[in-house]
Each structure stands twice: as structure tokens, then as C-alpha cells.
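Student: Could we go through this structure together, starting with a salt bridge and then turning to the pockets?
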Amino acid sequence: MQMLINLEHPHKQTEPSMPLLQLGFRPFFLLAGISAALFILVWGLFFSSSRIAGLNVTAYGPVYWHGHEMIFGFVAAVVAGFLLTAVKNWTGRQTATGTLLLMLVLLWLLARVLPFIPATFPYWMIALIDISFLPAVAASLLPLLIKTRNFRNLIFIGILLLLSAANIVFHMGVAGWFEYGQRYGLHAAIYMIILLISIMGGRVIPFFIERGLADGFQRRSYPVIEISASLVLLLLGVLHTANASGVYIITVAVMAAVLHFIRLAGWYSKGIWRVPLLWVLMLAYGWIVAGLFLMALALAGWFAVSLALHALTIGGIGLMTMGMMVRVSMGHSGRKLLAPGMMPAAFAALNIAVVIRVLFPLVMPPESYLALVLISALVWVAAFCAFIFWMSPVYLSPRVDGRPG
């Protein structure tokens, strides 16, 4: 199996003059960490101030700006850094570096800035620049996969293009061409990212556990479960995005939760609790399972769907991306596969943020909701500030073993 982390066969190379542009994980993981903290700080300001919330501070409006930037800003940066690094490993060919990587970075940055100056540029230009980022990443990777006949991993190009399609639908909604397009686009994108985690997590999480434990752990996996878990998740995403209701979508949500729980249980070993880089990934996948169960209850009318969505996004996506960024960064910088400094505390803080944002509103009075959202946001920001502090030196300095990358 071609895996993401490959530390064998080191050989000395001249240290690069600009480490930040040597491999995709470096600039994009750094930007992801900064944007995760900054975007939630800005959203907290929008959310807590009725005066600001009533204004079109951005081209998307404050509410949809939050959803869009967390998915197509923060998560898109993580996905770009991950794939630009993984494809090099899968194909043995160099992905974007130097000037080409810088151009991708600038495209991502421009898409984040322009929505705040909507009076300066026509909306079609803001939308076009934002929509262009993921296809540009895909275009830089596709030739490498085809030339090396790495057809198995073309699925990730497909996911990038589907995410781009969801972004187009979002912008059509903002432009008034597609009623509720913002909602359709964001829901579709969330489920596509969960599907990406399902596919990639099934490859790497049990592999990391097998490599990271010395107790002879062997995963328990069942081909029928592996295939059906992703297919049922995809079906749930289609039904929920299409605003389906009733017993059928509730049943699909329960099936998705059960299938992913069985999958997760097959990866479990009690030894993971000794290794932060393992338990963070297991807990993140656990939040996906919990989010799917909560989604079934929310679709049955027990509480707001937004609570289930935040279990999937803060817990499943947020925690998984932080854990994977640390793991990939340490491995591809030639460092020991350990969570540096206070990163285990940051992992724990993100779990606390999910509990405050998702579970506390279920048992506390409605008037506490605003405070709970803001407290959860501050805990999230603190966790990613820790990520920025401890991981920035990794991105800004050369590999410790002298190899390129």
C-alpha cells in the first residue's frame, strides 16, 4: 500500500533557501492554522454584535461567510497541503514547489481578501478567483497521477472537482441565480469532506496505529463494511443536501453511523491512549460517528440540525485536520512522530470545544446559547494558536535530516 508517510532511505541534500515553498504542506498547513484562528475570531465578532451582523460586511454576508471560509478557506488549505504532499509520495514525482507553489498560495490568499472589499471588484471576479483555487490544485496534480498510472488515487481529483462544483453552487446562491444555493453548496461540501476523511482515514489511521504501537495490533476490517460505509455516507449527503425528510433519510443516517462505528471499532486498541498522534485521529473519527447519530436525531426533529453539523465540522473535520497536519508535518520534516510541546493539550481543547458547542446546548437553557457558542469559539481559537506557535518552526525551517521537502 502506498502510504502518506515515507521516511525510509534518507539521503543528504543541500538545505533549501526557502523551506516554506519546498513542499505543499508547509505554506498551506501554516495558512490553515492561521485562518482557523483568525476566521473564528472574526466570526465571533459578527455573531456577538447585532449591529455588525445586520450589515453586509463581506460579499457573502456574515453568516454565509463563516460557513464558506471555514470550508473553502481553512479546510481547502488543509486538503491542498495534504494532497500536494501525498501525491509526491504516491507517484515519486515532485509536486508544486517554488514559484508554482507560491502562485497557488497567492490565489488562496486573494480569495480570502476580496470578499471584504466587495465595492472594489465586481462579484463575478470575486467568485471566479475563489472558485479557481481547487481546480488549480487538481490541475497541478492530475498529470503526475496519469503519467505514473496512479489511477487508484484519481478519486481525490474527483473529490476536488466536486468540492469546486459545490463552491460554484454557493456563489450562484450569493449572486441570486440559485435560490438557497449557499445552503446547498455548503452542505454538499461538508459531506464531501467527511467522505474524503472516510476514504483517506480508512487507509492511514489503522496503518498509523499498526506502526505506532508495539503490541502487535492488527486492524479488523470487513470489505463489505469498508465499501458500504462510504456509499451510505454519500447517499446521506445527497439526501440531506437535497433537503429530503422523513423516515428514509433518518434510516440512512442511522445506517451511516452504525457502519462507521463498526469500522472505528475495528481500528481500536487500548494502546492508542499512550500516543497523542493516535488518539487524536481516533477521537476525530469518533466525532464523525457521533455527528451521524446526532444527525439522525436532528432529522427526526429532536433538536436543530446545526448541532449535528457542528459535531461533524468542529469534531470530525477540525480535530482530524489538526491531528493529520501535525502527523504529516512531523514526518515530512524529518522529525520524530511525536506531538510537540502543548499540542496534546490543543487536541484536548478541540474536544472540549465540540462538547461546549454541541452537547451543552442540549441540556442548558436557551438563553445560554450565545455564551456557549462564544466560549466554544474561544477554546477553538486557543487550540489553533497553540498549533501556530508549536508548528510554525516546522514550516519555516528546513528538514532536520537535510533531505528536500
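Student: How accessible is Glu 226, and does that make it buried or partly exposed?
Tutor: In this predicted model, Glu 226 has a relative accessibility of 22% and therefore counts as partly exposed, since buried means under 20%.

Student: Which residue does Glu 226 meet in a salt bridge?
Tutor: The side chain of Glu 226 meets that of Arg 263, at 3.0 Å from N to O. The pair links distant parts of the chain, with Glu 226 in helix α8 and Arg 263 in helix α9 (residues 247–265), 37 residues apart. Arg 263 is buried, at a relative accessible area of 5%.

Student: Where else does Glu 226 turn up, pocket-wise?
Tutor: The second largest pocket holds about 290 Å³ of space, and among the residues closest to its centre are Glu 226, Ile 227 and Ser 230. Its lining comprises 16 residues, which divide into eight nonpolar, three polar and five charged.

Student: And the largest pocket, what lines that one?
Tutor: The largest pocket, with about 810 Å³ of space, is lined by 29 residues, and His 66, Gly 67, His 310, Thr 313 and Arg 357 lie nearest its centre. The lining divides into 20 nonpolar, seven polar and two charged residues.

Student: Which helix gives the most to that lining?
Tutor: That is α3, which supplies eight residues.

Student: Back to salt bridges: which partner does Arg 112 have at 2.4 Å?
Tutor: Arg 112 pairs with Glu 69, 2.4 Å being the separation of the closest N and O atoms. Arg 112 lies in helix α4 and Glu 69 in helix α3, so the pair ties together parts that are 43 residues apart in sequence. Arg 112 counts as buried at 7% relative accessibility, and Glu 69 counts as buried at 0%.

Technical notes. Residues are numbered from 1 along each chain as its sequence is written. This is a predicted model: local features need pLDDT of at least 70, side-chain atom pairs count only at pLDDT 80 or more; totals for chains, interfaces and linings use all residues. Side-chain values use heavy atoms; hydrogens and water are left out. On a 1 Å grid over the protein atoms alone, a cavity is a set of points where a 1.4 Å probe fits but cannot get out, and a pocket is an open set with protein on both sides within 12 Å along at least five of seven lines; lining residues have an atom within 4 Å of a point. Grid points are joined across faces, edges and corners, and a volume is the space filled by probe spheres set on the points. Helices (H or I, at least four residues) and strands (E, at least two) are DSSP runs, numbered from the N terminus. Ala, Val, Leu, Ile, Met, Phe, Trp, Tyr, Cys and Pro count as nonpolar, Asp, Glu, Lys and Arg as charged, and the others, Gly among them, as polar. A salt bridge is a side-chain nitrogen of Lys or Arg within 4 Å of a carboxyl oxygen of Asp or Glu. Buried means under 20% relative accessible area, exposed over 50%, partly exposed in between (1.4 Å probe, protein chains only).
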